[in-house]
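Q: Please take one part of this model, look at it closely, and then set it against the chain as a whole. I would like a connected account with the reasoning behind each assignment.

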Amino acid sequence: MRHIWQIYKTDWLHIFKVPTGVFLIVAIILLPGVYDWVNVKSVWDPYSNTQGIKIAVTSEDKGATVTGTAINIGDELMYSLSHNHKLGWTFVNQAEANRGVQTGEYYASLLIPADFSSRITGIVDGKLDRPEVIYTVNEKVNAIAPKITGSGVSAITTQINENFTEAVSEAGLPS
C-alpha cells in the first residue's frame with residue numbers, strides 16, 4: 001500500500017512540472033460544470049421569453065346588444081391582447097393570418113368569428129350556442145411552439161369567460 005501512495009504522489013509531481021498537464025487537469029475538472037451550467041441556463045424557464053412567438057389574431061366580431069347595452073367581446077379581447085406582451089400577438093385580417101400560418105410567418109392564428117358576442121349573449125335569451133374561437137396552428141415550424149401557443153389560447157379562453165361575466169354583471173343580468 002505504501003508503494004501505491006508513492007506512485008500516486010510521484011505522478012502528481014510530474015504532472016505539475018508540465019504546464020500542459022496542469023492545463024488539461026484544470027480543464028477536465030471545470031468543463032463538466034461549465035457544460036452543465038450552459039445547459040441548465042438554456043432550459044431553465046422556456047416560457048419567460050415568448051414575445052418572439054408570433055400569433056396572428058383576427059376579430060370579425062360584430063358585437064351584440066343586451067338589454068340596450070352594446071357589447072363587443074371581440075373588441076375587448078383585442079384590446080386586452082394588445083396590452084399582453086407574453087406572446088407576440090399580431091393583429092391582421094383573416095387572409096393575412098391564413099397566409100402567415102401556411103408560410104410559417106406566424107406559429108398560430110386565432111379568429112374571433114362575426115357571431116361571437118351574439119353567441120355569448122344568447123345565453124341571456126335562452127339560446128345555448130357555444131361560442132368558439134377558431135385556432136389554427138402550424139406544427140411544422142417548431143416542435144415546442146404549439147404547446148406555448150396552446151397555453152396562450154387557454155389563457156384567452158379564461159379571459160373570455162371573465163369578460164362575459166363582467167359584461168353580464170354590467171348589464172345587470174343574473175349570471
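A: A helix here is a DSSP run of H or I that is at least four residues long, with numbering from the N terminus. The model is predicted, and the part chosen is helix α1, which covers residues 2–17. At 1.5 Å a residue, its 16 residues should span 22 Å, and because the C-alpha atoms at its ends are 23 Å apart, the expected and computed spans agree. Helix α1 is hardly covered, since the count of buried residues among its 16 residues is zero.

Aromatic side chains deserve particular attention here. The structure holds three aromatic pairs, and in one of them, Y8 and W12, the ring centres lie 6.3 Å apart with the planes at 75°, so this pair counts as edge-to-face, for which the planes must be over 60 degrees apart. Both Y8 and W12 belong to helix α1, where they are four residues apart, or about one turn of the helix. An α-helix has 3.6 residues a turn, so residues three or four places apart point the same way. Y8 counts as partly exposed because its relative accessibility is 46%, and W12 is likewise partly exposed, at 30%. Together with W5 and F16, Y8 and W12 form one aromatic cluster.

As for the setting, the chain contains six helices and six strands, running α-α-β-β-β-α-β-α-β-α-β-α from the N terminus on. Of its 175 residues, 31% are buried, and the accessible surface comes to about 11900 Å², with 60% of that belonging to carbon and sulfur atoms.

How values were computed:
Residues are numbered from 1 along each chain as its sequence is written. This is a predicted model: local features need pLDDT of at least 70, side-chain atom pairs count only at pLDDT 80 or more; totals for chains, interfaces and linings use all residues. Side-chain values use heavy atoms; hydrogens and water are left out. Helices (H or I, at least four residues) and strands (E, at least two) are DSSP runs, numbered from the N terminus. The expected span of a helix is 1.5 Å times one less than its number of residues. Buried means under 20% relative accessible area, exposed over 50%, partly exposed in between (1.4 Å probe, protein chains only). Rings of Phe, Tyr and Trp (its six-membered ring) pair if their centres lie within 6.5 Å; planes under 30 degrees apart count as stacked, over 60 as edge-to-face and the rest as tilted. Accessible areas come from the Shrake-Rupley method with a 1.4 Å probe; for residues, only the protein chains shown count as cover.
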